[in-house]
Amino acid sequence: MIVRIDSLTFRYPNGTTALDEVSFSVSAGERVAIVGPNGAGKSTLARHLVGIERPASGTIEIAGRRTDGLGIAELARTVGFVFQNPDDQLHAASVTKEVEFGPRNLRFPPARRKELVESALRRTGLAQSRDAHPHHLSLGERKRVALASVLAMDTPVVVLDEPTTGQDHASVVLLGKLVDDLGADGRTVLAITHDMDFCAEHFDRVIVLEDGGISWDGPVDAWLAQAADTAGQAFELPQMTRLGRRLGWEGSVSTVTGFLEHLAPGADPAPAVSTAP
Amino acid sequence: MIEVKGFSFTYPTGSRPALHDIGFEVGPHELCAVVGGSGAGKSTLAGVVSGTVPHLTGGCAEGLVQVNGRDLADTPLSGLVGQVGLVMQNPFNQISGARFSVREEIAFGLENMGVPRDEMAARVDTVLHDLGLTKVRDRSPYELSGGQQQLLAIGSVLVMRPTVMVLDEPTSQLDAAGSALVFEALGTLREQGVTTLLIEHRMERLARAADHVLVLDGGTIVAKGSPGEVLADERLEEWGVAPLRYTVAARRAAARGLWPDARPLPVTLDAAAEGFGATVAHLDRGDR
Amino acid sequence: MSTVQFSPHTTGNSLVHRLSPLTKLTFAVTVTVCAFAVVDYRWPLLLFCALLLPAAIGAKVLRRFLLMLATFWVPVAAVLFVVQGFFFPEAHDVIARFGPLELKSEGVSYALLTALHILVLMGGFFLLLLTTHAATLMSALSERNVSPSLIYIVSAALQIVPTLSRRATRILHAQQARGQVIHGLRGRARALVPLVGPLILGAFTDVGERAAAMETRGFGATRRPTSLITVPDSAVQRSARAAMMLCAVVAVTVNVWGVMR
Amino acid sequence: MADFSRSTPSWLDERWRIGWGTGVVLVTYAGLIAVRPASEHGVGGPIALLALVGYTLGALLIVSGAVARLPATTVALLPVAITVNIVMGKIVYFSGLPLQLDSIGTVLVGVVAGPAAGAATGALASVIVGMTITPGALPYAVTAAMIGFTAGMLARAGLFRRLPTAVLAGGLIGVVAGVISAPITAFVFGNASGSVGQSALIATFQAFGNGMLKAATLQGLVADPLDKALTVVLAMAILKGLPPGFLYRFPFVRDRHVLARRPDVVRAG
């Protein structure tokens, strides 16, 4: 288990409980989406993983170590956190320098650093803009620079906060592929997202937070199958899920491939024609 | 009424045009949606129609842009106040900061226009009610959540009762319920005769709400037409726009003979359900 | 909560709270001018005890008032006594010795006088701030035809400060999460650019959009602006302000004349 | 746009108000120097009042004149710059570094939008700090105004095109700040304002037999140029990061070639 959270409870200074006895574990290479309505405690949970918040009670173990005594900067070796707003971190005079900031702080040797930076730039499609000033790029590109700067730290766990917001279609496709690849490389991905289609297409497991507690932890399709229709007010359910329901199907589908498989089993064996699965 | 003809624009610091040879019309009672990838020129187009580009940004513009019959090239921004409303992408920047409560922030535009106090109060309270902001009317605009700020930004423009509304991704920070409120308000405006230009990435809502869709790619209009025509186009992804899953499913189904032959590809849940319903019925019959 | 976190204002409904902000502003200015006008330490002390303290008690803000003075005035006064008590230029009258340092009476009396002047200056403004919401002050000023630009700048700045402070914390966390260690003076100096760069660049680049939003909402349009809310004022307060202003002008004139002569 | 008063006589219009304000400040400073010898016994009261009233009046005139002439983009820039000053001041204060760096917003506005905007930023920043953090900042409004004004004038003279001259400009701004603030520190606050470190420095100068104003001036000349030079270095890094389209919105930068020609801005010219 790369991440193990046990009875995590957190209260804001004003006394309201943000997280109440939250427990779950994640194994290496898993891709987990954390979803829930606004104010359910998703971001608070994510901030605990990087050590920005400290639990009122309960424990967090990452890669076998309790995080209690570790500072944010120490945890940075194991957990990379991509904040929602890229402008909260971009400061260097070029994209390359920006991406190098993390590996340099973690004191990787120069050759390894170069290798990591190059790979991160390639994976985020930024090789062309390596010399640009980060603040001269578009919002979508800036988000990718922030993502690259965390990837380059080569952490076993990567946490993404709303990665698809403000991104255009091409970037979302790139992001989806990246999440798949990271999982294949054995790195663990946790993502906070409200984009249910993205969640259904790229994650094996979903953790649903409601009012500071976990109301579901398991496969995406199984959750959608049991989620009440009222869930549609807080979450925009995947398009295919709603179509399946309209057709009166039992069980639940969430992706185009799953839908076609249910419609006529075996009829759509090679779906890799379109970039949208 | 928006009328754009042969319009091109280059930013003062740009090496190539941000918009090139743009032409379209949006009439009263119409909602025109603009879609496209990042850097396609959508926000620039919103700026052009609302008069902030090139008046505030500088740059080189050619061609014609008319709003309600007035040529924007010779109309200063102050001449458009109350006629054209602009809702920006980032609500934090739309909040003026000049006022300390939500109610006064909404009134800011009316104060600048010199609207008498009684009329102002009535108009502000109506907008607060319509957007569900009455509960937070005395709070500071900066204490609101991102979604509430977005509703406030829209309200602060709606209250000025513009005849042309330009909205740049107005629901980016809203949840399902919040965006439903916004689209409801847009529907009401359309009934009242307002001309709307909407930049939006929520294709599903857009497919239902828009009269026309324009696709921008690299600063030019590559497609325009009804949502059914444009959003079902095969080249949509090449243009940097996310296709609806319904359309993708139907296209892949059609390749395997699982989509009714004469039926166009669906862009709404209703059309998809109808089409696939027919397929399911057909398969059931075949099984028997 | 309708208060802006950044301002120290307390809610209340006392007479002092209900006074026009302009009256309180004029009072703060006049009482400061008067305090500085007379070279006798008893005079500012009298102003403080006879005017400022009772007003603070009447407004039911005494605790906060004293707390703020303790935070801001006491340190200044302490430094003042040390610097001037021991190092007042050309002072000779030694009243005590601490090792090589000599405490001199001229310095002490000068420090006492100056400290009391500052006490009145700070007290007058604390009273205004504790009993007035920034929004009311701004509305009152805009009714007096103060430039809308000026009102805008002050109001917006007051409101953006908490937002930007929160952002600074977020940036700090983001950089630490990228492995930046902020320990010791060198670490903190090195952390300055990664913290300040995003903070200022982000804040500045928002300006273009905000200006566009303001102009499309008619800011700076030539027509005379109206106002949604009004600030109550009265004839009594208007005459009181005139009297205070006269008082301040006389005090200044007499002094300048005295100094020049 | 935005008249200060509905019926302004011509000798009180915007340009003149800035001139009058600057005049009042200079006359006040000259007066303070001139009467100093005669005031050994009356020090503190009348002199302090003169400094306080003269400087405040000057600052008010400068601000009202400067603000009235600003275009909307600059008006939107000012609150942001003021906030940057305040938050920077807090960050640096809590970092324990022996610096202030709380004029970075003022300097940036001076360079980007010109002397008048810079002056308004500085003065209003002091007013905001005075309203929210400590009233002790109010009397220093004019110093802050002069920092912004000087930054703007030096930018107009082209000192911000290259880093070495910009550092020199920072030093000059520091000299102006040190000299202008000295009478306030000396007479209004009895040389006790600012940090403990500053007060210790002043005390040392006084112990060596300098008068109060001289001690305060010397302290300002030691500390301010260094702080402002660092401020300018930081400001130059920020200016480099600002998107070219942003800078293009300011006629001061665009038309006067205040900054080095960047490859991306040249195309525009």
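The expected span of a helix is taken as 1.5 Å times one less than its number of residues. In the predicted model described here, this rule can be tried on helix H4 of chain A, which covers residues 110-123. With 14 residues, H4(A) should span 20 Å, and because its end C-alpha atoms are indeed 20 Å apart, the expected and the computed values agree.

The two sides of H4(A) can then be considered in turn. The buried residues of this helix are A:Leu116, A:Val117, A:Ala120 and A:Leu121. Seen down the axis of H4(A), these buried residues fall within an arc of 130°, and they therefore line one face of the helix. Among the elements that cover the buried residues of H4(A) are helix H3 (95-105) and helix H5 (139-151) of chain A. The face turned away from the buried side of H4(A), by contrast, carries the exposed residues A:Ala111, A:Arg112 and A:Arg122. After the helix comes A:Gly125, whose phi is positive, near 70°.

Chain A as a whole has eleven helices and ten strands. Its radius of gyration is 19 Å, close to the 19 Å that the globule rule gives for 277 residues, so chain A is as compact as a globular protein of that length. Along the principal axes, the C-alpha atoms of chain A fill a box of roughly 55 × 50 × 30 Å. Of the 277 residues in the chain, 52% count as buried, and of the contacts in chain A with a separation of 6 or more, 65% are accounted for by residues 24 or more positions apart.

Contacts between chains were also examined. Where chain A meets chain B, 34 residues of chain A are in contact with 32 residues of chain B. On the side of chain A that touches chain B, the elements giving two or more residues are helix H6 (169-184), helix H9 (231-234), helix H10 (239-246) and helix H11 (256-263) of chain A, and the largest share, five residues, comes from H10(A). By class, the residues on this side of chain A divide into 16 nonpolar, twelve polar and six charged.

Between chains D and C, 71 residues of chain D are in contact with 68 residues of chain C. At least two residues of the side of chain D that touches chain C are supplied by each of helix H2 (46-68), helix H3 (72-95), helix H5 (115-132), helix H8 (196-207) and helix H9 (212-241) of chain D. H3(D) gives the most to this side, with 16 residues. The side of chain D that touches chain C has 47 nonpolar, 21 polar and three charged residues.

Methods
Residues numbered from 1 in each chain as written. Chains lettered and ligands numbered in written order. Predicted model: local features only at pLDDT ≥ 70, side-chain atom pairs only at ≥ 80, totals over all residues. Helix = DSSP H or I, 4+ residues; strand = E, 2+ residues; numbered from the N terminus. Buried ≥ 20, exposed ≤ 12 C-beta atoms within 10 Å, placed from the backbone. Arc of directions from axis to C-beta. Contact = placed C-beta atoms within 7 Å. Nonpolar A, V, L, I, M, F, W, Y, C, P; charged D, E, K, R; others polar. Rg over C-alpha atoms; globule rule 2.2 N^0.38 Å.
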